[in-house]
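Here's a quick walk through one part of a fold. Have the sequence and the 3D view open side by side as you read.

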Amino acid sequence: MLGAVEAGGTKFVCAVSKDGRTVEHREQFPTRSPEETLTTVFEYFEQHQVEAIGIGSFGPVDIKPTSASYGYIEETPKLDWRNFNLLGEMKNHFPGVKFAFTTDVNVAAYGEFKEGAGKEVSDLVYWTVGTGIGAGIILNGRLLQGYGHPEVGHILVKRHPEDDFIGVCPYHKDCLEGLASGPAIESRYGTSAKAIPKSSSAWDIEAYYLAQACMNVTLTVAPEKIILGGGVMHQSQMIPLIREKFEQLLAGYVKTPPLEHYITSIDLHDDAGVIGGFQLAKQL
């Protein structure tokens with residue numbers, strides 16, 4: 001049996017699978033203090049015993065296996081979790097279990113790569129656009145990571161000519177996350193994204209920023225597919241708008257696959273992270 005933990009800043013999800021594709025059982029609960037949260041995680045896997053667990057965690061996290069702080073959640077805004085040895089605590093409690101450890105967006109990207117919208121390609125970029133913005137990058141079938149993991153949610157983007165919003169990122173203000181995340185939309189317009197009409201120019205501005213994100217990864221890593229998920233992408237009009245803005249911005253400079261196949265929505269939705277965790281665990 002395979003296990004997965006999707007460790008988010010707002011909620012944790014624990015799940016098990018026999019084959020790595022089908023979710024046999026899952027449980028979701030709020031992220032509380034490390035002690036409270038891990039007590040629930042431990043209880044779950046004591047009831048659903050597994051041989052290997054894939055963990056995808058909110059971050060920043062140390063994902064370099066040779067690092068002394070491998071498996072730690074590092075300088076997170078969630079103070080209780082800052083410099084917390086998540087992987088170490090899991091290993092100590094389950095010494096007979098094997099573990100894979102990476103970021104929450106990486107496991108979702110890997111799930112889509114193995115069993116979702118990217119299963120026909122060997123290279124992809126998966127963007128999640130929600131409370132924050134992040135991306136998992138897979139090249140030649142492998143997650144891209146070096147001394148750390150990509151933080152492309154904080155790339156700088158060209159400001160939309162009709163947008164004078166200062167941005168919500170506490171580090172950079174007008175980076176991609178600062179201008180296009182869910183909190184940025186709510187702060188800019190004073191209402192939730194769900195309450196903004198589909199015909200509003202707000203979505204043209206949002207698409208402009210996300211199209212730049214897609215253009216930047218197209219020009220740097222040249223993926224075979226770009227997949228977008230996360231709460232903001234629940235807006236059905238977004239993918240067509242992003243494709244339109246992307247085509248305008250790229251201006252024919254490089255060839256891509258047809259945009260209806262190149263820039264697409266997520267397939268696995270809420271299961272992407274745990275399925276990615278299963279697939280990483282399966283390789284151990």
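What follows covers a sheet, the helices that pack on it, one loop residue and the nonpolar core.

## The sheet

Keep in mind that this is a predicted model. Start with the open sheet: 5 strands, running in the order β10-β9-β8-β11-β12, with mixed pairing. The edge positions go to β10 (142–143) and β12 (263–265); each has a single partner strand, so one side of each has no neighbour in the sheet.

Now look at β8 and β11. Strand β8 covers residues 124–129 and strand β11 covers residues 225–229, and the two pair in the parallel sense over 5 bridges. If you want a spot to click on, try Trp127, whose bridge partner in β11 is Leu228.

## Helices on the sheet

Helix α3 (residues 104–115) packs on this sheet and touches β8, β9 (133–139), β10 and β11. Its direction makes about 50° with that of β9. Helix α6 (residues 202–221) packs on the sheet too, touching β8, β9, β11 and β12, and its direction makes about 155° with that of β8.

Does the length of α3 add up? What span should its 12 residues give at 1.5 Å a residue? The expected figure is 16 Å, and the end C-alpha atoms of α3 sit 17 Å apart, which agrees.

As for cover, 9 of the 12 residues of α3 are buried, so to speak "mostly covered". Among them are Val105, Val107, Tyr110 and Phe113, along with Asn106 and Glu112.

## A loop residue

Past α3, on the way to β8, the loop holds Glu120. Is Glu120 buried or exposed? Its relative accessible area is 69%, and exposed means over 50%, so Glu120 counts as exposed. Glu120 and Lys225 are 105 residues apart in sequence, yet their C-alpha atoms are 9.6 Å apart in space.

## The nonpolar core

In soluble globular proteins, nonpolar side chains tend to be buried together. Here, the largest nonpolar core has 41 residues. Those with the most contacts inside this core are Trp127, Leu176, Leu210, Leu228, Ile242 and Phe246. Trp127 and Leu228 are the bridge partners from the sheet.

Which elements give two or more residues to this core? They are β8, β9, α4 (176–180), α5 (182–189), α6, β11, α7 (238–250) and α8 (259–262). Helix α6 gives the most, with 12 residues.

Leu210 is a good place to zoom in. Leaving aside residues up to four places away in sequence, Leu210 touches Val129, Ile133, Leu176, Ala180, Met233, Met238 and Ile242.

Technical notes: Residues are numbered from 1 along each chain as its sequence is written. This is a predicted model: local features need pLDDT of at least 70, side-chain atom pairs count only at pLDDT 80 or more; totals for chains, interfaces and linings use all residues. Side-chain values use heavy atoms; hydrogens and water are left out. Two strands pair if DSSP finds at least two bridges between them. Helices (H or I, at least four residues) and strands (E, at least two) are DSSP runs, numbered from the N terminus. Contact means heavy atoms within 4.5 Å. Axes are lines fitted to C-alpha atoms, for helices over the stretch in contact, and angles run from 0 to 180 degrees between N-to-C directions. The expected span of a helix is 1.5 Å times one less than its number of residues. Buried means under 20% relative accessible area, exposed over 50%, partly exposed in between (1.4 Å probe, protein chains only). A nonpolar core is a set of buried Ala, Val, Leu, Ile, Met, Phe, Trp, Tyr and Cys residues joined through side-chain atoms within 4.5 Å.
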